[in-house]
Amino acid sequence: MSWVFLTDREAWKVKRPVDYGFADYSTPERRRHFCHEEVRLGRRLAPDVYLGVEPVRQDAKGHSFTRPGEMVEYAVRMKRLPDKATAAARLEAGRLSSQDLERMAERLARFYASAAIDPQFDFPGTLRRNLTENFEQVEPFIGRVLGRDLFEEVRAWQEGFLVRSVDGIRSRGRDGCVREGHGDLRLEHVYFLDGEPLVIDPIEFNARFRFGDVALDACFLAMELAAKGAVPLAEGFMGRFALASNDYGFYPLLDFYLSYRAWVRAKVACFVAADPRTPPQKRRRKREEAARLLDLARSFTSGLHRRPPRLVVIGGEIGSGKSTLARALGARWGLPVVSSDATRKFLAGLQPTERGAKKIYTSDFSRRAYRELFRRAGDVLLSDRGVILDARFPTRARRFEARALAEKVGIPFLFIETCCDESVLRRRLRARTEGPSVSDAGEELLGLFRSTFEAVDELGAAEHVRVDSTLPIEVMIREIEDRADP
């Protein structure tokens, strides 16, 4: 799509004069317009990277960004970021961590929360159009890159899913989840430096590829991780995105979104491989990449890339380390975490870091919170994935309710009870009032909560693990895995 010229400190991006139908850079006026669009859109997630649009001039020596001459083209001028800081490079070097992806998920959640909404945008219709276009544009490559059987299998599944799920897809728009996103969240476009992650190279050439379900936007990155064999990181990233955005409603659609994204990336690789201007070695590499991505698109139709689902509850006293363990275990097992604290604040209309009134811990409010907790868990389970519930679950009735949900969908159930020394517990609770905390439940509520906690004596040894949360996280997880094969 572009030529990129690199100096020690800057990158200059020139649009190629191509027309792929979905992207048209065929005239100087269009290239100039889309240069300005890229700067506008790119500054949303990389505000200091995009320096502006500059002319390309021509003189007797040729083209130049710096010499005088006739203005013949336009370029996006950017700061050059270190190659080793990309998510792609970090993954290849074994340095891309779940903590990196947690920061990325939180950054995206904030970005989407303030992204533009177009009330007139027809997301189901646009998705149907994009889907049809995707298969029409890949079909000429049957026999060269993919077989007819794979093509027909994935097309039938994606088209059938879209028909069956159109109401759920439409409801995403009603719920405010269809917004102007990035459109191309590839590993090589994400940078981890000091501070917040940066994301460059948004899709500027076609708004219908940029507008859509925010989860469809985010799962581009998850698809790329899965394509590199990092499925637990991919699943953990989407789980952390759900937690950060208080949105689990996309889970029933997630495999469709992942398959769709893999097919789109394969399509682009096919285009590059077929371009006569592509060097032979790169052409061969792109054909191989397209074939792998097409196989990946098919794998998402069956769920074979995931481990078998289970329902895990992490409960216990306030301050006993439930949330810390839940997040670590979610990252380790690639499971989304549904948090009671986040759910309560969502129901109360509070921001994730905002402190709220103690009314969110009254019995009436708790009943509402648990209903919402189970509803969110149900959304995840509809995708044939496991889920972790992070809440006190103080009564046998609540724990039986969670166990019954697991039995209903035919998956294993595990209750992990966190505990710690009394002095450690109280120190943790006091610290909540002295600094930022996810939970508002402080030491003053300990007595009340203890009076309502019923001993966990209704579950057998195979379903109940008790862990000391003063131990290092890795030790706790090993103890859990020794007792319950993940």
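How do the axes of helix α8 and helix α10 cross, and within what distance do they come? Before I answer, please keep in mind that this is a predicted model. The axes of α8, residues 214–227, and α10, residues 254–274, come within 9 Å and cross at roughly 65°. Because angles of 65 to 115 degrees count as roughly perpendicular, α8 and α10 are described as roughly perpendicular to each other, and the crossing in which α8 passes α10 is right-handed.

As for who makes that contact, α8 contributes A215, L216, D217, C219, F220, A222, M223 and E224, while α10 contributes L254, Y257, L258, Y260, R261, A262 and R265. Sorted by class, this contact holds 11 nonpolar and four charged residues, with no polar ones.

Let me turn to the aromatic rings, where the count comes to 25 aromatic pairs. One of them is formed by F111 and Y112, a tilted pair with 5.3 Å from centre to centre and 45° between the planes, and both F111 and Y112 are buried.

A second pair, also tilted, brings us back to α10: F135 and W263 lie 4.7 Å centre to centre, with 40° between the planes. This pair links distant parts of the chain, since F135 sits in helix α4, residues 123–138, and W263 in helix α10, 128 residues apart. Are these two rings buried or exposed? Buried means under 20% relative accessible area, so F135, at 2%, is buried, and W263, at 0%, therefore counts as buried too.

Finally, there is an aromatic cluster formed by Y20, F22, Y25, F34, F141, F205, F209 and F271.

Technical notes: Residues are numbered from 1 along each chain as its sequence is written. This is a predicted model: local features need pLDDT of at least 70, side-chain atom pairs count only at pLDDT 80 or more; totals for chains, interfaces and linings use all residues. Side-chain values use heavy atoms; hydrogens and water are left out. Axes are lines fitted to C-alpha atoms, for helices over the stretch in contact, and angles run from 0 to 180 degrees between N-to-C directions. Helices (H or I, at least four residues) and strands (E, at least two) are DSSP runs, numbered from the N terminus. Angles under 35 degrees count as roughly parallel, over 145 as roughly antiparallel, 65 to 115 as roughly perpendicular and the rest as oblique. A crossing is left-handed if the near helix is turned anticlockwise from the far one by less than a right angle, and right-handed if clockwise. Contact means heavy atoms within 4.5 Å. Ala, Val, Leu, Ile, Met, Phe, Trp, Tyr, Cys and Pro count as nonpolar, Asp, Glu, Lys and Arg as charged, and the others, Gly among them, as polar. Rings of Phe, Tyr and Trp (its six-membered ring) pair if their centres lie within 6.5 Å; planes under 30 degrees apart count as stacked, over 60 as edge-to-face and the rest as tilted. Buried means under 20% relative accessible area, exposed over 50%, partly exposed in between (1.4 Å probe, protein chains only).
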